[in-house]
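Work through the exercises below with the sequence and the coordinates open side by side. Each task is followed by a solution that proceeds step by step.

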Amino acid sequence: MTNIISSFSEANSRLKELLAKNNGRVILGIVGKPGSGKSTLSKNLIESFGTANTVIVPMDGFHLSNLQLDNLNRRSRKGAIDTFDVEGYVSLLERIKNDAESDIYFPIFYREIEESHAAAGVVTSKHKLVITEGNYLLNPDGEWGKIRSLLTESWFVDPQDDLRIERLIKRHQSYGKSLEDATNWSKGSDQTNADLVGKYADKADYKVRI
């Protein structure tokens, strides 16, 4: 049975345990459905542990560009599992796991422009804790199935669905969608993705219910 983390203090305590028992770099995978609060949890952990030795590497940096999505006729499903460069993401995680001395650059996705900037972030030798967050880290299919073995531990953020969808609608509105469009996207494309993510929740080492 998957263990439960029910407070930020428990999350901090568990992470301290991980760091204490691992001599090398710790890679924590934070997984969850769209709007579950992955980024919020990651930012809270960064605030607790500091940016000097901790960095967030989001899976979202590996969104395919809008140009490529248009070429593939997938723009209307942006965020679906086949709209990411999974090979690039896996390659990055392998480098982060196996090379603790080099500066390793990674792309960051900016919601304001719905595109990623290459090499906008960097993992350095000082970063002993790397938090990588995204929807599909526990998916076992194809290249995605390689990710779990690259993580020191995985946490599935698991709020109530009504709260998650409410957050998601507000987030889409904050980036310019009308209430109607935000609701349709949250309960349409996003929900299809959420259903897939939820299938693998029990593969996580911990479920986070804060």
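The exercises treat pockets first and aromatic contacts afterwards. The model is a predicted one, in which local features need pLDDT of at least 70 and side-chain atom pairs count only at pLDDT 80 or more, while totals for chains, interfaces and linings use all residues. Residues are numbered from 1 along each chain as its sequence is written, and side-chain values use heavy atoms, with hydrogens and water left out.

**Exercise 1.** Describe the largest pocket by its volume and its lining.

*Step 1.* A pocket is an open set of points on a 1 Å grid over the protein atoms alone, where a 1.4 Å probe fits, with protein on both sides within 12 Å along at least five of seven lines; lining residues have an atom within 4 Å of a point. The volume, taken as the space filled by probe spheres set on the points, is about 1200 Å³ for the largest pocket.

*Step 2.* Its lining comprises 38 residues, and S39, D60, F109, R111 and R171 lie nearest the centre.

*Step 3.* Among the elements that each supply at least two lining residues are α2 (38-49), β3 (54-58) and α5 (161-174), where helices (H or I, at least four residues) and strands (E, at least two) are DSSP runs numbered from the N terminus. The helix α2 gives the most, with five residues.

*Step 4.* By residue class, this lining divides into eleven nonpolar, 14 polar and 13 charged residues, with Gly counted as polar.

**Exercise 2.** Describe the second largest pocket in the same terms.

*Step 1.* The second largest pocket holds about 170 Å³ of space, and its lining includes F8, T40, D158, R167 and I210.

*Step 2.* Six nonpolar, three polar and three charged residues make up the lining of the second largest pocket.

**Exercise 3.** Find how many aromatic pairs there are, and analyse the pair of F62 and Y89.

*Step 1.* Rings of Phe, Tyr and Trp (its six-membered ring) pair if their centres lie within 6.5 Å, and planes under 30 degrees apart count as stacked, over 60 as edge-to-face and the rest as tilted; the count comes to five aromatic pairs.

*Step 2.* F62 and Y89 form a tilted pair, at 5.6 Å centre to centre with 50° between the planes. Because F62 lies in the loop between β3 and α3 (66-72) and Y89 in helix α4 (residues 86-98), the pair ties together parts that are 27 residues apart in sequence.
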